[in-house]
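Please take the sequence and the model together, and follow the chain slowly as the paragraphs below move from one part to the next.

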Amino acid sequence: MRRHYLFVGLDRVFRALLVWLLVLMVASVAWQIISRYFLASPSLWTEELSRFLLIWLGLLGGSYAYSNGMHLGLDLLGPRLTVAARRRQQFAIHGLVIGFAAVVLIKGGIELVLLTHQLGQHSPSLDISLAVIYLSLPISGIMFTVYGLLNISEIVWPQSRSLQEHSHD
């Protein structure tokens, strides 16, 4: 799959971020196990940190999976369509993803972040503003939108990626 060099760089940075989030989550869970079973003094903050990292990892990982066609999808109709109809179908699917990301993740996420910030809500153990945790919604929405636009550009200008490689969308 050939992609524009800016998107290759974005993928590389995004993949590194996801790896670090996973490493931090595994380290947090490992410390929870060690502190609970070997030190007989369970750490209170590790469960909360792991939960927050899982939220970020799930949302950002979902947008990364979407960008690379690794997301869950049903392809019942696509193989039966003509190439032109398949292109229209893919265009519509990516348009719906962009619409969902814009309305639910970006708009709704920003509203949630602002409301949480105004209310001054903080996590009990880590005392982190929940607005920081909820920032994962608009950030992942932006990433879904960017990757959706990239996918649409590859449908409109198929020289960058063949339509056959879209068969798993």
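A good place to begin is just after helix 2, where Gly 69 takes a positive phi of about 70°. The model in which this angle appears is a predicted one, and every value that follows is computed from that model. Two further residues have a positive phi although they are not glycine: for Ala 40 the angle is near 55°, and for Asp 127 the angle is also near 55°. Ala 40 sits in the loop between helix 1 and helix 2, whereas Asp 127 belongs to the loop between helix 3 and helix 4, the latter covering residues 130-134. Are these two loop residues buried or exposed? Ala 40 counts as exposed because its relative accessibility is 66%, above the cut-off of 50%, and Asp 127, with a relative accessible area of 54%, is exposed as well.

From Gly 69 we can step back into helix 2 itself, which runs over residues 45-67. Helix 2 has 23 residues, and from its first C-alpha to its last it reaches 33 Å, which is close to the 33 Å expected at 1.5 Å a residue. Within this helix, Arg 51 forms a salt bridge with Glu 47, and the closest N and O atoms of the two are 3.5 Å apart. To see why such a pair can form, it helps to recall two general points. Side chains of opposite charge can pair when their charged atoms come close. An α-helix has 3.6 residues a turn, so residues three or four places apart point the same way. Arg 51 and Glu 47 fit this picture, because they are four residues apart in helix 2 and are therefore separated by about one helical turn. Arg 51 is partly exposed, with a relative accessible area of 42%.

How many salt bridges does the structure hold? There are two, and the other one to look for joins the side chains of Lys 107 and Glu 111, with 2.6 Å from N to O. These residues lie in helix 3, which covers residues 83-119, and because they are four residues apart there, they too are separated by about one helical turn. Lys 107 counts as partly exposed at 48% relative accessibility, and Glu 111 is partly exposed with a relative accessible area of 45%.

The next feature is made of aromatic rings. When ring centres within 6.5 Å are taken as a pair, the count comes to three aromatic pairs. In one of them, the rings of Phe 14 and Tyr 64 have their centres 6.2 Å apart, and the pair is called tilted because its planes stand at 50°. This pair links distant parts of the chain, since Phe 14 is in helix 1 and Tyr 64 is in helix 2, 50 residues apart. Phe 14 is buried at 6% relative accessibility, and Tyr 64 is buried at 12%. Phe 14 also forms a tilted pair with Tyr 147, at 6.3 Å centre to centre and with 50° between the planes. Here again distant parts of the chain are linked, for Phe 14 is in helix 1 while Tyr 147 is in helix 5, 133 residues apart. Tyr 147 has a relative accessible area of 0% and is buried. Through these ring pairs, Phe 14, Tyr 64 and Tyr 147 are joined into a cluster.

Helix 5, which covers residues 136-156, also holds Ser 153. Ser 153 counts as partly exposed, because its relative accessibility of 21% is not under the 20% that would make a residue buried. Although Ser 153 and Phe 91 are 62 residues apart in sequence, they are 9.2 Å apart in space, taken from C-alpha to C-alpha.

Finally, we can turn from the buried rings to the surface. Which residues form a nonpolar patch there? The patch consists of Val 29, Trp 31, Ile 33, Ile 34, Tyr 37, Phe 38, Leu 39 and Trp 45, and together these residues have about 850 Å² of accessible area. The largest share of the patch, six residues, comes from helix 1, which covers residues 5-38. Ile 34 is found in this helix, and with a relative accessible area of 35% it is partly exposed.

How values were computed:
Residues numbered from 1 in each chain as written. Predicted model: local features only at pLDDT ≥ 70, side-chain atom pairs only at ≥ 80, totals over all residues. Heavy atoms only, no water. Salt bridge = Lys/Arg side-chain N within 4 Å of Asp/Glu carboxyl O. Buried < 20%, exposed > 50% of the residue type's maximum accessible area, 1.4 Å probe, protein only. Expected span 1.5 Å × (residues − 1). Patch = residues over 30% accessible without salt bridge, like charges linked within 9 Å, V, L, I, M, F, W, Y side chains within 5 Å. Areas by Shrake-Rupley, 256 points an atom, 1.4 Å probe, with all protein chains shown as cover. Phe/Tyr/Trp six-rings, centres within 6.5 Å; stacked < 30°, edge-to-face > 60°.
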